[in-house]
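This report describes one protein chain, taking its overall composition, a helix, several individual residues and the charged pairs in turn. Please consult the sequence and the model while reading.

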Amino acid sequence: MEITARAPGMIILAGEHAVVHGYTAVASSIDLYTVVSLRLHLNEDSIRLQLEDVGLDFSWPIKRIKEVLSHLGSPFSSTPTLCSLETVKSITALVDEQSFPETRIGLASGVCAFLWLYTSILGFKPGTVIVTSELPLGAALGSSAAYCVALSAALPAFSDSMKLDVNKWAFEEEKIIHGRPFSVDNSVSTFGIMTGIDSNMPLRMLITNTKVGRDTKALIANVSARKSRHPDAFKEWSTIIQSHTVDDLSVTANEDRLRELMEMNQGLLLSIGVTHVSIETVLQTAMKHKLASKLTGAGGGELPGAIVDKLVKELESYGFQCFTARIGGKGVQISFDGCS
């Protein structure tokens, strides 16, 4: 039997750095997914992980895993325990035995998280896990959270108990990957809803991946120097998105206000140095087509197809990656042998 689980990515529409200091953020799942497929093998003696999108394939003999992680595997607990520093070091040793291309070394922590979760839930049962994703890596779209949530949903299906808090297990995985993550990413990916609000205003986004890396710790340090100047702006985001507007005039007014709030949010990020020349290129290009943009955000309402096509063509000429998504994608889903 094969188990398949998929979990959505997520996006913070406003407040991605203000949330560090306790201010409100508006976050939502998006309809771009990471899919995890799991099949156990009775006649094999290894645990295998295939990351198809990046062309990486790892395999560990069960005997070797037992030698290094003998303290994991049983008894299975429905509630995760903290992965200790000693365990992380042991798992890292296993991962270091694999061949990592220099350009993909940043994925090692995600492989460590996989080994910890697999052995914590399934013990030393041989099996193969295949991961595919529509989400770009390192683009602030919750790729690691979707990966963790999908794994946490798929693995228990072959355990002795399906009663498992997917969100809590995913958060522990995120800790292995990021150290001190915020639980909003895995929570949104698990439940597939906007954080704290109900959306009555459909939003379609054009997302542009500049493919520029970032140093999250350094960015947070810059934000710490200046706390948010507009805490009420994020409350207004929530109010607008929850509003029950039916007439065209009201919808247009809401879209215009969301555009203003988005530009305000991006202006704040610019003032504290949370930006890059490539992001400014995206902003200026979008402005030529009368569309508002912000770092990892997007405009409101239905984007006119002809305008978007022109904008995408121009952005891709700079080497950027573009794709569209709607906010409020479904949360994590599981299927057995292809049947929901």
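## A polar contact at His41

A polar contact is a pair of N or O atoms within 3.5 Å, of which, within protein, one must be able to donate a hydrogen and the other to accept it. In this predicted model, the side chains of His41 and Thr128 are joined by such a contact, at 2.8 Å.

His41 is located in the loop that runs between β2 (26-40) and β3 (46-51). Its relative accessible area is 18%, so His41 is buried. Apart from neighbours within four places in sequence, His41 is in contact with Pro126, Gly127 and Thr128.

## Overall composition

The chain comprises 11 helices and eight strands. Of its 340 residues, 50% are buried. The chain exposes about 16,200 Å², and carbon and sulfur atoms supply 53% of that area.

Among contacts between residues at least 6 apart in sequence, 79% join residues at least 24 apart. One pair that is distant in sequence is Thr324 and Leu206: 118 residues separate them along the chain, yet their C-alpha atoms are 4.5 Å apart. Thr324 belongs to strand β7 (residues 321-326) and, with 34% relative accessibility, counts as partly exposed. Beyond residues up to four places away in sequence, Thr324 touches Leu32, Arg204, Met205 and Leu206.

## Helix α5

Helix α5 covers residues 166-178; its 13 residues should span 18 Å at 1.5 Å a residue, and the end C-alpha atoms are indeed 18 Å apart. At the N-terminal end, Asp165 acts as a cap, with a side-chain oxygen 3.2 Å from the backbone nitrogen of Asn167. Just beyond the helix, Gly179 adopts a positive phi of about 90 degrees.

Which elements do the buried residues of α5 pack against? They pack against α3 (108-122), α4 (143-154) and α6 (184-191). The buried set includes Val166, Trp169, Ala170, Ile176 and Ile177, and also the acidic residues Glu172, Glu173 and Glu174.

Within this helix, the side chains of Glu172 and Lys175 form a salt bridge, with N and O 3.1 Å apart. The two residues are three places apart in α5, so about one helical turn separates them. Residues three or four places apart in an α-helix point the same way, because there are 3.6 residues a turn. Glu172 counts as buried at 11% relative accessibility, whereas Lys175, at 29%, counts as partly exposed.

## Other salt bridges

The structure contains five salt bridges. Arg48 pairs with Asp57, their closest N and O atoms lying 2.5 Å apart. Both partners are partly exposed: the relative accessible area is 33% for Arg48 and 41% for Asp57.

Another salt bridge links the side chains of Arg64 and Glu97, at 2.5 Å from N to O. Arg64 is in helix α1 (residues 62-68) and Glu97 is in the loop between α2 (85-96) and α3, so this pair ties together parts that are 33 residues apart in sequence. Arg64 counts as partly exposed at 29% relative accessibility, as does Glu97 at 43%. Through shared partners, salt bridges join Arg64, Glu67 and Glu97 into one network.

## Cysteines

The structure has zero disulfides. Cys83 takes part in none, as the nearest cysteine sulfur, belonging to Cys112, is 8.7 Å away. With a relative accessible area of 11%, Cys83 is buried. Cys148 also counts as buried, at 0% relative accessibility.

Methods. Residues are numbered from 1 along each chain as its sequence is written. This is a predicted model: local features need pLDDT of at least 70, side-chain atom pairs count only at pLDDT 80 or more; totals for chains, interfaces and linings use all residues. Side-chain values use heavy atoms; hydrogens and water are left out. Helices (H or I, at least four residues) and strands (E, at least two) are DSSP runs, numbered from the N terminus. Buried means under 20% relative accessible area, exposed over 50%, partly exposed in between (1.4 Å probe, protein chains only). Contact means heavy atoms within 4.5 Å. The expected span of a helix is 1.5 Å times one less than its number of residues. A disulfide is a pair of cysteine sulfur atoms within 2.5 Å. Accessible areas come from the Shrake-Rupley method with a 1.4 Å probe; for residues, only the protein chains shown count as cover. A salt bridge is a side-chain nitrogen of Lys or Arg within 4 Å of a carboxyl oxygen of Asp or Glu.
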